[in-house]
Amino acid sequence: MKCPNCLKNFSGSKKCPACKIDVVLYKGTVRLSDKLHNKGLERLKVGDFYHGIELLSKSVSINKNNVPSRNLLGLALFEVGHVGEALKHWIVSQSMLKDDNPATKYIESAHKNARKLEALNDAVDMYNQALEHIKHKSDDLAIIQLKKAVEINPRFVDALNLLTLCYLIQNERERAILTSERVLSIDVMNPVTLNYYAILNPGKKPPRLPAKGRGQPIPKGPYKAIDLEQKKKKNFHVAELFMFLIGIAVAAGALYFLLVPALRRSWYSERQLLVEEHEEASANYRDRLSRAVDDYNAREGEIANLEAELAVARLENDVWQRVRVVNQAYTEFLRDELRVAVGLLNPPGDQPLMIFDLPSDIQDLAQEILTEAYPRLGADYYAAGLAAFNANPRDSHMALIHLENAQRFLDEESAQWNRMLFMLGNLYFDEGRLEEANGVLTELYEHAPGLPSPFTGAERTRFGNMMAELEGLQ
């Protein structure tokens, strides 16, 4: 037998000698967790996020290592606006399973869409502000915040429910009904919304989504009926069978009269002794099993607490590391080392540093660096690129390096943008990088049709010749 927990092989017992786990109890726990996972999935398929999340939470609480349940729970929480909770479950899932784990893709997608996550985080802040306004009986201010939160995240169920409550407080029944129906179109069995709907529409059934998307019935199993022919008894020769039965009867009679009485007395005594031993062994086994279950549950609780503490510690460490990077970038910024400061926050060829969940003062520092450093760096790179481009002889290599950096930092509305595109197009064209030349020259044409002043006639002619040749190559 292989232990499902530590994967060690063992025999002769239901308890793994390596990790001391009760295999039968462990497998039962895993099966129950998987069953709750399937039920939660079925609820999510029909749009019942409230009960789906509840079932998946129970699945994870029973089996902390149920990676599919933890990933699905994260997706369901993200869908109804609980972004932070979703990320927490995905991070814990990733710590359990490194390879082929969808949670890795979810977290990477979150980092790639940092602006969207920042907006969703703003929606949560607005929801929390609305709660404070309601505590101080400022319903109008709460409604303003909740409308903004819902505009950012239209599927933010908690914000929609709170908005319904505000409309109920202000006796705006029509708006409250519309908002509650909007929630039911997302989470069809949300109990809070159903309660509001019952208050607003006494005796009226809430709208239900069509039941498409429900899972197909699960097959009962590959069972086969046995043919009647297989049940028939085999044929025997009747005479041989009759003589055999007579011999058995004679032998049985002799045994009965000679041996059975003595054997019966001996058997009865041994049976009594075996029954007593069996009862004692059963009692001991039940006692050991009860202690083992209690010990297993206690260890499971300790593991769950440690896992939660580890996940929180990892999140806090990640935040601390990013705060440290922002502070280091700001120190370089104050030293006027703009390239170093920007490189820390937005390294070339890598994802920008995620700052939406950092403290507001740290976010302000990062924004100050980016707001002030980008235009200055863009202007510096542009000046260096222009000098290399106009040098005699032209330093094409350095001109390309500086102008490509200028393109990274300059704003499209800046005065240097069009000239920078023209120079880049010339350099790409001269080096035979025609696809890149076509890209920047096309952008220049769209941004400044006809190349108006300060472009010279010679530059317009050069531009036209390059575009004509590029068009011919296509």
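**Rings, a helix and a buried arginine**

Let's start with a single residue: Tyr127 is buried, with a relative accessible area of 16%. "Buried" here means under 20% relative accessible area, "exposed" means over 50%, and "partly exposed" covers what lies in between (1.4 Å probe, protein chains only). We'll come back to Tyr127 once the surroundings are clearer.

A word on what you're looking at: this is a predicted model, where local features need pLDDT of at least 70, side-chain atom pairs count only at pLDDT 80 or more, and totals for chains, interfaces and linings use all residues. Numbering runs from 1 along each chain as its sequence is written, and side-chain values use heavy atoms, leaving out hydrogens and water.

Now the overall picture. The protein chain has 19 helices and zero strands; these are DSSP runs numbered from the N terminus, with helices (H or I) of at least four residues and strands (E) of at least two. Of the 474 residues in the protein chain, buried ones make up 32%. Take the contacts (heavy atoms within 4.5 Å) with a separation of 6 or more: 55% of those in the protein chain are between residues 24 or more positions apart.

Next, the aromatic rings. Searching the whole structure turns up seven aromatic pairs. One of them is Trp90 with Tyr106, a tilted pair at 4.9 Å centre to centre with 45° between the planes. Trp90 sits in helix α4 (residues 83-96) and Tyr106 in helix α5 (residues 102-112), so this pair ties together parts 16 residues apart in sequence. Rings of Phe, Tyr and Trp (its six-membered ring) pair if their centres lie within 6.5 Å; planes under 30 degrees apart are stacked, over 60 edge-to-face, and the rest tilted. Trp90 counts as buried at 3% relative accessibility, while Tyr106, at 25%, counts as partly exposed. Add Phe78, and Phe78, Trp90 and Tyr106 form one aromatic cluster.

Back to Tyr127, as promised. Tyr127 and Phe156 form another tilted pair, 5.4 Å centre to centre and with 40° between the planes. Tyr127 belongs to helix α6 (residues 114-135), and Phe156 to the loop between α7 (139-152) and α8 (157-169), so the pair ties together parts that are 29 residues apart in sequence. Phe156 is buried as well, with a relative accessible area of 3%.

Helix α5, home of Tyr106, deserves a closer look. Its buried residues are Ala103, Thr104, Ile107 and Ala110. These cover an arc of only 125° around the axis, which puts them on the same side of α5; the arc is taken from the directions from the helix axis to the C-beta atoms. They pack against α3 (67-79), α4 and α6. Over on the other side of α5, Lys105 and Lys112 are exposed. At the N-terminal end of α5, Asn101 acts as a cap: one of its side-chain oxygens lies 3.0 Å from the backbone nitrogen of Ala103.

Finally, hop over to helix α13 (residues 260-334), where you'll find Arg322. Is Arg322 buried or exposed? With a relative accessible area of 7%, Arg322 is buried. A polar atom of its side chain lies 2.6 Å from the backbone oxygen of Met354. Leaving aside neighbours within four places in sequence, Arg322 touches Leu353, Met354, Ile355, Asp357 and Leu358.

Notes. Polar contact = N/O pair within 3.5 Å; in protein donor to acceptor, adjacent residues only side chain to side chain.
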